[in-house]
Amino acid sequence: MSSAGRPRKAAKLIEYSSTMRTKYTSLILLIFTFCLPPAAFSQQVWFKMDTVTSVTSKGAKLANPWAGGINAPQFLKLHLNDDSEEDLVIFDRTNSKVTTFIAGTHPANPAQKAFIHAPYYETLFPKADNWMILADYNGDGNKDLFASTSLGISVYQQIKSGNAWSWKLMQEVLFTKGFSGNINLQVSGTDIPGITDIDDDGDLDLLTFDFSGTYIELHQNLSMEKFGVPDSLGNSKNPVFQRNGDCWGNFSKGATEGFDFGLDCGVVEIEAGRIMHAGNSILLQDLNGDGKKDLLVGHVSNEHISFLTNSASGLIGNFTAYSNAYPTKDPVLMHIFPAAFYEDMDFDGTPDLLIAPNLPSNDLNLTDFKSSGWLYHNAGTASKPDFQLKQKNILQDQMLDVGENAAPAFFDMDGDGDQDMLIGTGGVPGTNGFRGGFWLLKNEGTAAAPAFVVESENYLNLPATLGLFNIKPQWADFNGDGVADLGFSGVSLSNLRIEYRYIANKAAAGAPVQLNLAEAVTIALPAELSSSDSPYFFDADGDGDLDLLAGKGQGNLFYFTNTGNSKQFAFRLETDAFAGVGINFAGRSPQVAAADFDLDGFMDLATVDHTGNLRIFHGAEWGKWAERENQLISINNKPGAPNFGSYLSLSVADLNGDKKPDLAIGNNAGGIRLLTNVLPVEITSVEPGFLPEISVFPNPATAYLKISSNQTGTLNILTSGGRQILRDVPVRANAEREISTQNWPAGLYLVELKSGDKRVVKKVIVE
């Protein structure tokens with residue numbers, strides 16, 4: 001559609017005197033014209049991912065601040081772009097999320113090579129659970145993708161087209177010829193198999209522990225034997241994989257961290273209960289230079305990596321000795337279930353040893369997920385390595401990673417006119433147990449060009465005082481004094497119930513916050529809420545106090561009105577399926593944020609949930625939405641719905657001074673993704689007439705303001721210097737709204753009402 005053919009809506013503002021017009025043009029006379037009608041938003045990009053806003057920590061600028069964090073990484077190498085150097089793919093077991101990095105230079109040090117976050121390539125990967133392995137199965141020189149699914153193993157071929165590539169599903173399920181016929185080639189959901197050419201005949205074989213976690217099964221690939229080429233995957237009637245022998249390597253997993261050797265690999269009846277501790281990872285690699293493939297095994301009940309030496313080459317492995325102290329210097333020691341990977345991480349051409357926990361979640365909350373990727377530099381060769389421990393937070397040290405369950409919230413905490421960031425954390429293990437807290441990121445840039453600095457990793461020292469985890473902050477006026485306070489939810493370690501507190505901000509509006517944790521006030525949440533729920537406070541009915549939206553663990557949205565007041569909360573359940581969001585397993589644990597994202601004068605509702613997708617309700621008055629978009633994010637300049645992970649959280653703020661709400665999405669991996677609002681708007685001229693009427697009194701004000709309008713809309717209040725005091729406060733038509741000004745510094749304020757595509761501003765003096 002041409003721009004000439006699009007319907008246009010012009011916003012209009014009240015006229016100012018010439019002096020005031022000169023002084024406040026940049027602040028107030030922002031008049032937006034939409035280039036697309038509401039019906040066309042389904043074809044429109046709303047946001048693009050921000051990878052350039054800087055974050056500095058401990059004096060160094062992070063290479064990938066918004067990469068999203070990692071918990072249980074699986075390290076894979078693949079050519080993502082068209083240069084000669086392999087790039088990096090991370091699959092995180094805790095959220096089935098792929099994160100992609102291209103080999104490049106560090107943004108703060110061009111002389112230093114680094115892996116740089118490139119989120120576009122993440123959208124090319126299919127959905128998988130538990131594990132991914134990249135290996136060339138058809139011998140064309142390009143790595144293909146083996147992915148765990150509920151049915152077994154899926155195989156995707158890498159298809160090249162010029163400089164671009166894609167995945168083509170070649171086999172939804174691999175089959176093998178077992179002892180009792182043709183069956184799905186299954187890998188235990190807790191395991192990582194070995195996919196390698198064990199007999200050196202040119203096709204890829206598969207080794208996996210049996211479901212008891214006791215023996216390794218060899219599923220030999222007979223593609224070369226049957227067809228003379230490696231690219232056959234077989235089917236259910238004619239599988240190319242075949243179970244070979246009762247076990248492989250002449251050993252079995254013994255008690256605790258031991259192994260038993262010299263077995264005859266006969267069939268053994270599995271006793272009841274032996275399956276309880278299944279879970280193994282396999283890495284096959286010659287690690288002592290004798291040309292035979294040795295074995296690094298991680299086990300679900302072990303703290304160490306076990307090194308098993310192989311005395312035979314070819315198809316028949318024979319293991320006779322093991323060590324649980326590997327490498328010999330600085331051996332691996334993790335809380336539970338370490339897994340090994342072998343990839344070049346420091347760009348010297350020699351693969352390094354990487355260790356990470358192979359966990360779907362934080363077992364007993366004893367793992368520090370902000371330091372869970374160990375790097376051993378290989379100072380030797382690929383087949384005779386010399387491993388030297390370099391760090392225990394590879395990649396994590398170059399991204400914003402607070403551990404797990406990051407929950408961002410924005411507010412001008414230091415009163416300098418730009419948005420700072422407070423991040424609630426899921427928790428990390430410490431001397432007093434697993435507890436969550438706050439990270440504070442101060443914005444040392446500007447309102448239009450943010451630049452964050454990690455000011456504190458323990459703001460307000462919550463862990464020392466409160467036994468809570470999964471902390472989720474929100475700034476709102478909880479006590480009705482006209483100044484935003486700090487509210488936060490958390491799950492109690494003592495009874496696993498959700499609790500909510502707010503800390504009153506004793507500072508004047510626009511001044512640096514004054515918070516005293518010792519004076520935190522508890523808000524009694526409705527009995528319907530449980531530890532898996534996410535409360536969000538918002539004045540939904542426009543009566544001057546905060547109501548409550550709650551995303552439920554089952555996927556639905558509860559809406560409670562506050563029948564009390566701004567100082568005494570009393571909640572009444574209005575619906576257990578707000579906006580039509582009912583119980584939904586795929587979309588469980590929704591979290592919400594309200595803002596006028598499309599600048600049409602109506603409040604919208606953004607949601608994220610376990611699907612990993614962002615959605616926005618819009619196009620009508622609050623709660624009456626007819627549109628719910630999910631193709632919102634720019635993917636190669638087209639709208640798409642990328643996967644942001646699981647157990648997501650949301651926060652809204654204008655981070656670049658364009659008056660459009662931007663988004664931050666936190667995830668269970670402890671990281672954050674920034675999204676910049678790029679909806680097309682432009683400045684246009686003002687036409688007289690048809691403005692909403694707004695009344696603001698008393699003027700001058702001392703203790704309060706009363707505001708009313710003949711039209712429904714949202715209210716913003718700013719200082720004369722442009723500092724925002726209140727944002728997007730709902731106003732109902734012909735309903736008076738009272739706002740406390742008791743803590744506001746004396747001076748001139750601007751009261752801006754947005755209604756539909758119109759805006760009107762009034763000036764008021766506070767004494």
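# Exercises on strands, loops and backbone angles

Asp200 sits in the loop that links E15 and E16. The model used in these exercises is predicted.

**Exercise 1.** Find the sign of phi at Asp200 and decide whether the residue is buried or exposed.

*Solution.* Step 1: phi of Asp200 is positive, about 55°, although the residue is not a glycine. Step 2: set this against the general pattern. Most residues other than glycine have a negative phi. Step 3: the relative accessible area of Asp200 is 55%. The cut-off for exposed is over 50%, so Asp200 counts as exposed.

**Exercise 2.** Treat Leu460 in the same manner: locate it, give its phi and classify its accessibility.

*Solution.* Step 1: Leu460 belongs to the loop between E34 and helix H3 (462–465). Step 2: its phi is positive, near 70°, in a residue other than glycine. Step 3: the relative accessibility of Leu460 is 22%. Buried would require under 20% and exposed over 50%, so Leu460 is partly exposed.

**Exercise 3.** Write down the strand order of the open six-stranded sheet and name its edge strands.

*Solution.* Step 1: the order is E14-E13-E18-E17-E16-E15, and the pairing is mixed. Step 2: strand E14 (181–184) and strand E15 (194–196) each pair on one side only, which makes them the edge strands. Step 3: on average, neighbouring strands of this sheet are turned by 30° against each other, direction ignored. Step 4: at the E14 edge, strand E13 (residues 175–178) is joined to E14 by four bridges, and the two run antiparallel. Thr176 has Ile183 in E14 as its bridge partner.

**Exercise 4.** Describe the pairing of strand E17 with E16 and with E18.

*Solution.* Step 1: strand E16 (residues 205–209) pairs with E17 in the antiparallel sense over four bridges. Leu207 has Leu218 in E17 as its bridge partner. Step 2: E16 and E17 form a hairpin with six residues between them. In the turn, Gly213 has a positive phi of about 75°. Step 3: E17 also pairs with strand E18 (residues 241–243), again antiparallel, over three bridges. Asn221 stands opposite Phe241 in E18.

**Exercise 5.** Why is strand E17 described as largely enclosed?

*Solution.* Step 1: count the buried residues. Six of the six residues of E17 (residues 216–221) are buried, so the strand is largely enclosed by the rest of the structure. Step 2: assign the residues to faces. In a regular strand the side chains alternate between the two faces of the sheet. Step 3: Ile216, Leu218 and Gln220 lie on one side of E17, and Glu217, His219 and Asn221 on the other. All of these are buried, which leaves both faces covered.

**Exercise 6.** Locate Ala447 and list its contacts beyond its neighbours within four places in sequence.

*Solution.* Step 1: Ala447 is in the loop between strand E33 (438–443) and strand E34 (451–456). Step 2: with a relative accessible area of 36%, it is partly exposed. Step 3: its contacts are Gly417, Asp418, Asp654, Leu655, Asn656 and Gly657. Step 4: Ala447 and Asp658 are 211 residues apart in sequence, but their C-alpha atoms are 9.3 Å apart in space.

**Exercise 7.** Which loops hold Pro327 and Pro698, and what are the peptide bonds that lead into them?

*Solution.* Step 1: Pro327 lies in the loop between strand E24 (319–323) and strand E25 (338–343). The bond from Tyr326 to Pro327 is cis, with omega near -10°. Step 2: Pro698 lies in the loop between strand E53 (694–697) and strand E54 (704–709). Phe697 and Pro698 are joined by a cis peptide bond with omega about -10°. Step 3: for context, most peptide bonds are trans.

Technical notes:
Residues are numbered from 1 along each chain as its sequence is written. This is a predicted model: local features need pLDDT of at least 70, side-chain atom pairs count only at pLDDT 80 or more; totals for chains, interfaces and linings use all residues. Side-chain values use heavy atoms; hydrogens and water are left out. Two strands pair if DSSP finds at least two bridges between them. Axes are lines fitted to C-alpha atoms, for helices over the stretch in contact, and angles run from 0 to 180 degrees between N-to-C directions. Buried means under 20% relative accessible area, exposed over 50%, partly exposed in between (1.4 Å probe, protein chains only). Contact means heavy atoms within 4.5 Å.
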